[in-house]
Amino acid sequence: MLIPLILLFLVTLLLFIHATGKNNENYWKKRGVKFHNKNKVMGIFWDFLMKNRPMFQVVGDLYKQYREEPAVGFGGFFTPSLLINDATNIQHVFQTDFQAFNHRGIEINEGDHLADNILLMNGNRWKLVRQSMTPIFTSAKLKKMFYIMDKSGKDFVTYLKNNPERLKDNAFDTISTYCCAAIGAAVFGIVSESVFDSPFLDIARKAFKSTFKSDIKTTISSFSPWLSKKLNIKLFSEHQDFFIAAIKRIIRQREQENTKKYDFADMCVSLQKSGTLRDRETGLELEPTDELLSGQAFFFFTAGVEPSAASIFACLMELGKHPEHLKKVHDEIDATFEKLNGELTYESVMEMEYLEKVLCESIRLLPPIGFLGRQCVENTVLPVGNIKVEKGTKVFVAVYELHRDPKYYPNPEVFDPERFESESAQDSSVYMPFGKGNRLCVGMRFARLQVKTGLIYFLRNYTVKTKINGYPIRFRKEMIQVRPNNVDIEFIPRNIKN
Ligand code: HEM
């Protein structure tokens, strides 16, 4: 009796899989869109879950295969899924038709406080919270905050001098320790010494790291809000109690103090003093509770560690391979220190033109986030190919591959900071290390300042040598990040007067 039942189950399952795949294929064919026939049900998610490859490469393979198509459909379980390849269509999704594509594409469950942050929020809540947090990142505020980053840079060099074993191996860890100190100080006002061995660094490293469990949770949250609700998936549950308790402690402590530090904790205190957040346009009201603010702090903190470290790593990796560019950056940094008698200022960092170009070009070649996604929230049409996109459709954009497409960047594999000679090069519709449009990285200016200040202190005191363990460069299996795993950087002390 059991065997026929199992057989019946298997046959039904196979028929169901076949019908779902056929349905996905017909869906796009009917709309005149090429469909990627491999794994018609799970599409690229199957490749990601089953193979030891990062998601950005899996998405990138699809881009390379269908580069000439304005968009290509693929299996996304029961959700129509589309990779957008054409630059005009990309601009349409991120900017022109934001009304239809303003959703990040992941649903979070109630009580998942740390996931309830600007990155993952949607709709009017997202708009209100983003509006309320944006003022912390204006140029005037960053200028006031600069002393925090400057101190983190100086302290970090002292730390490296006292711990020379950190100069030889695991450069990414060394760099992310600096980033953790800088963002920890900027978000929480924590002084750097405590951050070096703090549990915060551990959380930042683990939060977005790919594990089979975290990949499954993210995939379910992306593709089946129903199942995610049923299973009550919480994306960052393991860090929740510790993190919220820490933020509460910091806010309460700051309420007692009278000095202004211009960091995120100051902003939390002032938001709570001003009371309910209100959006006049939509009428939405939100209380700036400790939990809501903890969710924002959590994401600011994690974003300020791994992606910032990845940007510094990308710059140092390229400079360590190209001594002619490294010399130009060293000269620019040395001249600034000499002019200012060793004291860096916010303005002097902003004026370093060559460093700026090196950063832009390095994160073209190695964008810390290798692909982007949105969900369509109202029926619309993509202009190139006249592609009808229905509410609910997931759309993806292959950032890493677009940054290396010879159509947009001649000799794309060559490291050439002069590509960014003109400031407008950063406005190109396919250049998106920080994303694009209304959901552009809210911390971009902070991150650029943090990254450049770190680079300046590292390169004032050290020169770098890139060690690649066998070409081509290989990458760690990650859901969203781009992390080379056969590259390391050696820091070699320079002989300079400080
Ligand atoms: C170099 C470091 C960083 C890189 C490369 C980076 C990159 C990105 C990217 C690609 C996105 C998605 C944008 C899109 O979908 O169009 C994003 C979103 C975001 N980033 Fe960053 N980020 C960095 C650092 C930071 C920092 C330090 C903060 C905060 C202090 C931050 C806060 C955010 C927030 C809140 C969002 C969500 C924006 C929204 O959905 O409205 N990021 N970032």
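**Notebook: ligand shell and the H14–H17 crossing**

I began with the residues around the ligand in this predicted model, and I found that the shell divides into 18 nonpolar, five polar and five charged residues. Of the 28 residues there, I noted Arg104, Trp126, Arg130, Arg374 and Cys441 as those that come nearest to the ligand.

I then looked up polar atoms facing oxygen atoms of the ligand. For Arg374, a polar side-chain atom lies 2.8 Å from a ligand oxygen, while for Lys436 a polar backbone atom is 3.1 Å from an oxygen atom of the ligand. For Ile118 I again found the backbone involved, with an N or O atom lying 3.5 Å from an oxygen atom of the ligand. I sorted the shell by element next, and those giving two or more residues to it are helix H5 (123–133), H14, strand S6 (372–375) and helix H19 (444–461). The largest share, seven residues, comes from H14.

That led me to follow H14 away from the ligand entries. I looked up how H14 (residues 290–321) passes helix H17 (residues 353–365), and their axes come within 8 Å and cross at roughly 100°. Angles of 65 to 115 degrees count as roughly perpendicular, and H14 and H17 are therefore roughly perpendicular to each other.

I listed the residues that meet there: Ser311, Ala314, Cys315, Glu318 and Leu319 on the H14 side, and Val358, Leu359, Ser362, Ile363 and Leu365 on the H17 side. By class, I recorded this contact as seven nonpolar residues, two polar and one charged.

Technical notes: Residues numbered from 1 in each chain as written. Predicted model: local features only at pLDDT ≥ 70, side-chain atom pairs only at ≥ 80, totals over all residues. Heavy atoms only, no water. Axes fitted to C-alpha atoms, helices over the stretch in contact; angles between N-to-C directions. Helix = DSSP H or I, 4+ residues; strand = E, 2+ residues; numbered from the N terminus. Parallel < 35°, antiparallel > 145°, perpendicular 65-115°, else oblique. Contact = heavy atoms within 4.5 Å. Nonpolar A, V, L, I, M, F, W, Y, C, P; charged D, E, K, R; others polar. Near = heavy atom within 4 Å. Polar contact = N/O pair within 3.5 Å; in protein donor to acceptor, adjacent residues only side chain to side chain.
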